[in-house]
Amino acid sequence: MINVDNTILEISNLKKIYHDKKSEILAIENIDLKVKDKEFISIVGPSGCGKSTLLSILSGLENKSSGNISLNNNLKIGYMLQKDSLFPWRTIFENCLIGLEVSNTLTEESKNRVIKLLETYGLKDFMNKYPDSLSGGMRQRVALIRTLATNPDILLLDEPFSALDYQTRLALSDDVYKIIKNEGKTAIMVTHDLAEPIS
């Protein structure tokens, strides 16, 4: 993809159809999107309209039925799911290292980067504690740091605040936006809550 306007991701005419033995379900159709470097994009829509499907395709978890996806210079994508999915038997620090372990990129340098992220975003005092000692909002912040630990270029956020109460959701959405901007990341967030992208 030729980058003429700072575009790092381009989607054109994307379509996804799910098939079973008797029928097919159209999940998404005619999706066109250009994403620029360090842009924060929110996609709002009701449950079941295909938002998570779009992110699953972008992350490589699902295949598209048709259309084109162009990613500039093989950029790395990080995916933050709806649930924090922290392992209860691992400390906060150990949870943040999972992506590095899976990608075989765990080094002293990457460990130190995780420690720095935990320190910068108010979690260093909790790094040796376990997930059940954290509030829902803090757990989601850990999940974001775990995603940032692999140093992705583009973050995909799939309704990351949906399990939280309203006040926590508003506060955390502001925190997450600031963290992503501070880290200089591009992000695509999907949500069914109109207040989240506005806040």
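The exercises below, each with a worked solution, concern a predicted model.

**Exercise 1. The parallel sheet**

Task: Determine in what order the strands of the open four-stranded sheet are arranged, and which strands stand at its edges.

Solution:
- Step 1. The strands follow the order β3-β7-β6-β5, and their pairing is parallel.
- Step 2. β3 (40–44) and β5 (77–80) each have a single partner strand, so one side of each lacks a neighbour in the sheet and these two are the edge strands.
- Step 3. Between neighbouring strands of this sheet the average turn is 15°, direction ignored.
- Step 4. The partner of β3 is β7 (residues 186–191), and five bridges join the two in the parallel sense. Ser42 faces Met189 of β7.
- Step 5. Helix α5 lies across β5 and β6 (154–158), and runs at about 165° to β5.

**Exercise 2. The partners of β1**

Task: Identify the strands with which β1 pairs, and state which residues stand opposite Glu10.

Solution:
- Step 1. In general, strands of a sheet pair through backbone hydrogen bonds, in either a parallel or an antiparallel sense.
- Step 2. β1 (residues 7–19) pairs with β2 (residues 24–36) over nine bridges, in the antiparallel sense. A hairpin of four residues connects β1 to β2.
- Step 3. β1 also pairs with β4 (residues 66–71), again antiparallel, over five bridges.
- Step 4. Glu10 stands opposite Lys34 in β2, and its bridge partner in β4 is Ser70.
- Step 5. Another pair between β1 and β2 is Ile17 with Leu26.

**Exercise 3. The two sides of helix α4**

Task: Establish whether the length of α4 agrees or disagrees with the expected span, and where its buried residues lie around the axis.

Solution:
- Step 1. Helix α4 covers residues 108–120, which is 13 residues; at 1.5 Å a residue the expected span is 18 Å.
- Step 2. The end C-alpha atoms are 18 Å apart, so the length agrees with the expectation.
- Step 3. The buried residues of α4 are Ser110, Val114, Leu117 and Leu118. Viewed down the helix axis, these residues fall within an arc of 100°, so they line one face of α4.
- Step 4. The spacing can be read with a general rule: an α-helix has 3.6 residues a turn, so residues three or four places apart point the same way.
- Step 5. The cover over the buried residues of α4 includes α2, α3 (98–102) and α5. On the other side of the helix, Glu108 and Glu109 are exposed.

**Exercise 4. Two side chains that reach backbone nitrogens**

Task: For Glu94 and Gln140, decide whether each is buried, partly exposed or exposed, and name the backbone nitrogen that each side chain reaches.

Solution:
- Step 1. Glu94 belongs to helix α2 (residues 92–96), and Gln140 to helix α5 (residues 136–148).
- Step 2. The cut-offs are under 20% relative accessible area for buried and over 50% for exposed. Glu94, at 32%, is therefore partly exposed, whereas Gln140, at 3%, is buried.
- Step 3. A polar atom of the Glu94 side chain lies 2.9 Å from the backbone nitrogen of Thr91.
- Step 4. The Gln140 side chain reaches the backbone nitrogen of Asp84 at 3.3 Å.
- Step 5. As a check on position, the C-alpha atoms of Glu94 and Leu14 are 37 Å apart, with these positions 80 residues apart along the chain.

**Exercise 5. Residues with a positive phi**

Task: Locate Asn13, Lys38 and Gly122, and give the phi and the exposure of each.

Solution:
- Step 1. As a general rule, most residues other than glycine have a negative phi.
- Step 2. Asn13, in strand β1, has a positive phi near 55° although it is not glycine. Its relative accessibility of 44% makes Asn13 partly exposed.
- Step 3. Lys38, in the loop between β2 and β3, is likewise not a glycine and has a positive phi of about 65°. Its relative accessible area is 44%, so Lys38 is partly exposed.
- Step 4. Gly122 comes just after α4 and has a positive phi of about 75°. This residue lies in the loop between α4 and α5 and, at 46% relative accessibility, is partly exposed.
- Step 5. Gly122 and Arg141 are 19 residues apart in sequence, and their C-alpha atoms are 9.4 Å apart in space.

Conventions:
Residues are numbered from 1 along each chain as its sequence is written. This is a predicted model: local features need pLDDT of at least 70, side-chain atom pairs count only at pLDDT 80 or more; totals for chains, interfaces and linings use all residues. Side-chain values use heavy atoms; hydrogens and water are left out. Buried means under 20% relative accessible area, exposed over 50%, partly exposed in between (1.4 Å probe, protein chains only). A polar contact is a pair of N or O atoms within 3.5 Å; within protein, one must be able to donate a hydrogen and the other to accept it, and residues adjacent in sequence count only if both atoms are side-chain atoms. Two strands pair if DSSP finds at least two bridges between them. Axes are lines fitted to C-alpha atoms, for helices over the stretch in contact, and angles run from 0 to 180 degrees between N-to-C directions. Contact means heavy atoms within 4.5 Å. The expected span of a helix is 1.5 Å times one less than its number of residues. The arc is that of the directions from the helix axis to the C-beta atoms.
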